[in-house]
Amino acid sequence: MLEQIDILKGELERKNDQLDKMQSLLDQQQQLNLSTNRQNEKLLDTTTNNVPSQDDNPLKNATHTDVSEPTEGNYKGVENKTPKKGLFSWLRR
């Protein structure tokens, strides 16, 4: 009976060690995810805030007929603009 108790105590200690290691690994993973999300958000902010160069818009003097552009007949004069948010802004709530 005492031998079984000693065996179970040893197993319990090993399980506690495994749980401690898993908790440590989870903490590391959360820190890595947070760091990666911050880096991605920073990259998105820098790429969306860049002013397009002339090479980005080669047809600026060309006439275009984009159907999404408002014309006198289909423009109602109301624009609903929402502020731009980063891809991961929902994480900061």
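**A walk along one helix**

Of the chain's 93 residues, just 3% count as buried. Keep in mind that this is a predicted model. The secondary structure is quick to list: the chain has one helix and zero strands. As for the surface, about 9,700 Å² of the chain is exposed, and carbon and sulfur atoms supply 53% of that area.

Now to the helix itself. Helix α1 runs over residues 2-48, and I5 is found in it. Is I5 buried, exposed or something in between? Its relative accessibility is 36%, so I5 counts as partly exposed, since that class lies between the 20% and 50% cut-offs. I5 also has company on the surface: together with M1 and L2, it forms a nonpolar patch. The accessible area of those three residues together comes to about 370 Å².

Further along, have a look at T36, which also has its place in helix α1. With a relative accessibility of 31%, T36 counts as partly exposed because it falls in that 20% to 50% range. And what does the side chain of T36 reach? It goes to the backbone oxygen of L32, at 2.8 Å, which sits within the 3.5 Å cut-off for a polar contact.

Technical notes
Residues numbered from 1 in each chain as written. Predicted model: local features only at pLDDT ≥ 70, side-chain atom pairs only at ≥ 80, totals over all residues. Heavy atoms only, no water. Helix = DSSP H or I, 4+ residues; strand = E, 2+ residues; numbered from the N terminus. Buried < 20%, exposed > 50% of the residue type's maximum accessible area, 1.4 Å probe, protein only. Areas by Shrake-Rupley, 256 points an atom, 1.4 Å probe, with all protein chains shown as cover. Patch = residues over 30% accessible without salt bridge, like charges linked within 9 Å, V, L, I, M, F, W, Y side chains within 5 Å. Salt bridge = Lys/Arg side-chain N within 4 Å of Asp/Glu carboxyl O. Polar contact = N/O pair within 3.5 Å; in protein donor to acceptor, adjacent residues only side chain to side chain.
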